Amino acid sequence: MSDDEAVTISGRAVKPTPSITETTFSEALSMISFTSRRRPLLVAASIVSVFALTAGCGLGGSDPETAQSGGIPRPQVDCEVPAGNIDDKPLPTSELSGEIRFATSGLKKDFGGFFNPLIEKFEQQHPGVKINWEDTPSADDVDARMVNDAQTCVMADVINVASSTVMALTKANLLMDLDVKAPGTGKDFLPGVWDNLGFGAQGHHTVYPWYWGPLITTYNKDLFAKAGLDPEQPPATWDELVADSKQIATAAKGEYQALWGNAQWTFVDSWVGLGVAMMNADNTKFTFAEDAKAQQWLTDMADLYKAGAIPSDSVTGQPDPSQAYSAGTLAFGSPNASFLRTVKENAPDLYPRTGVGPHLSSPGGSVLFNGQYVGVSTTTKNAPLAMAFAQYVTNAENQLAWAKDPKVVIFPSSTTALADPFFQAPKTDDPFDEARSVAAEAAKQGKVVVGLFYVTGKIDKVINENIQKAVTGSKDPKQALADAQTEANTLLERLG
């Protein structure tokens, strides 16, 4: 495949990025910048952040001289790549032996009680195999280290990888081609997720989707009532939320506010929900600044700030509104199900007065899958065992089992798991039970949007800085979006 030859990703013709060299890889790593991104919350009282990798959007592609007969490009690494990892034959997984490393981030402390027995069960099913679980506490450089480990051939055989790193590893050909090496194994994943994950050579898949947390609406029923709103009727659309927020601001007279101002964790979800076209058709440039829906969203945010519906210190503060909501000074809470456990712990009197509704919808909008993934290293020395274990961790049975763990608030990417009665509408008035049902229904509509994989690191930073300037009134919303888009596309060009 030549550099000018297009491949198909999600039904679109996409030109591959230039082949990677050690020099360009080092240059890309030098541009790494980290920024906190929202991910599904795992423990009730804490916010777990993914530190994203700016270099993720431009690390290489295939070298036509090293592509194999099956179309799998050989990664340009210093170590030997087993021929069976990149030929055109599926991996034999019926007889497994040996050992592999399984790497996760920030899971062992709270979920060792789930994963250790899960691993032991797999080892019992396959006598003689050994799974060595390695877990790195969440840290600013976890994604950068993973990419560096992959390039230097010391990355674990099976890895839990965030969306910010999927693109980096895939474009550098450092994740196994699942469509060639394990054909047909993606059938049970949500169609809107699996069908849009073809980032590899020939538009092939390189990761299995794992867990995530679709957004919902949470709100303070008492503040709704004080503002003259129906406490049993949360807004269903963005326009309704804007109208409700303005009514809250008028009634509150500064005593409380409606909406949190820092949208770093949620602006991509909001744009996708509104149907904003974040990138052009072949995903080579950002186009959100020209989209009228993005312009209206940011104009509305600026109007709400001016009207007093947004706390003035929240726009450039932390992205988490939990403290303000628990203090009873914010009408709308964090838009995820696990947030309710935080409310129950920190503000037990407020918990039963917290309402739950579906996340905002809009014609042409989508439910963004902003989750975690599992991949297999292209350089693994035990590919059959690594592939079999990756499939085991992400199968419907084990996804459902983890979702039922009382310590976790996550949702499966498996259609079979999501159909389980565990996620059906509750027969109680408990807000958390209701949130689980509402989020699970939204999860069935989950969709991967390529733009999310590029909004990381420095790109995420420049977009958010411009959003904040527009919200606080120091920059015109349309100009802010235009400036953000220009800077983001400049970074995109520099990275690949």
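**View 1. Cavities in the predicted model.** In this predicted model, a search of the whole structure finds eight cavities of 30 Å³ or more. The largest cavity holds about 380 Å³ of space, and among the 24 residues that line it, those closest to its centre are Leu-259, Trp-260, Thr-266, Gly-333 and Pro-335.

**View 2. The lining of the largest cavity.** Three elements each give two or more residues to the lining of the largest cavity, namely strand E9 (216–220), helix H8 (238–252) and helix H10 (292–306). Strand E9 gives the most, with three residues. When the lining residues of this cavity are sorted by character, 15 are nonpolar, eight are polar and one is charged.

**View 3. The largest nonpolar core.** This core has 145 residues, of which Leu-169, Trp-271, Trp-297, Phe-389, Trp-402 and Ile-463 touch the most other members. Helix H13 (residues 383–393) supplies the largest share of the core, nine residues.

**View 4. Helix H13 and its surroundings.** Nine of the 11 residues of H13 are buried, so the helix is largely enclosed by the rest of the structure. The buried residues are Ala-383, Leu-385, Ala-386, Met-387, Ala-388, Phe-389, Ala-390, Tyr-392 and Val-393. At the start of H13, a side-chain oxygen of Asn-382 comes to within 3.4 Å of the backbone nitrogen of Leu-385.

**View 5. Contacts of Phe-389.** Phe-389, one of the buried residues of H13, touches Ile-100, Phe-102, Ile-119, Phe-122, Ile-131 and Val-158, when residues up to four places away in sequence are not counted.

Terms used: Residues are numbered from 1 along each chain as its sequence is written. This is a predicted model: local features need pLDDT of at least 70, side-chain atom pairs count only at pLDDT 80 or more; totals for chains, interfaces and linings use all residues. Side-chain values use heavy atoms; hydrogens and water are left out. A nonpolar core is a set of buried Ala, Val, Leu, Ile, Met, Phe, Trp, Tyr and Cys residues joined through side-chain atoms within 4.5 Å. Buried means under 20% relative accessible area, exposed over 50%, partly exposed in between (1.4 Å probe, protein chains only). Helices (H or I, at least four residues) and strands (E, at least two) are DSSP runs, numbered from the N terminus. Contact means heavy atoms within 4.5 Å. A polar contact is a pair of N or O atoms within 3.5 Å; within protein, one must be able to donate a hydrogen and the other to accept it, and residues adjacent in sequence count only if both atoms are side-chain atoms. On a 1 Å grid over the protein atoms alone, a cavity is a set of points where a 1.4 Å probe fits but cannot get out, and a pocket is an open set with protein on both sides within 12 Å along at least five of seven lines; lining residues have an atom within 4 Å of a point. Grid points are joined across faces, edges and corners, and a volume is the space filled by probe spheres set on the points. Ala, Val, Leu, Ile, Met, Phe, Trp, Tyr, Cys and Pro count as nonpolar, Asp, Glu, Lys and Arg as charged, and the others, Gly among them, as polar.
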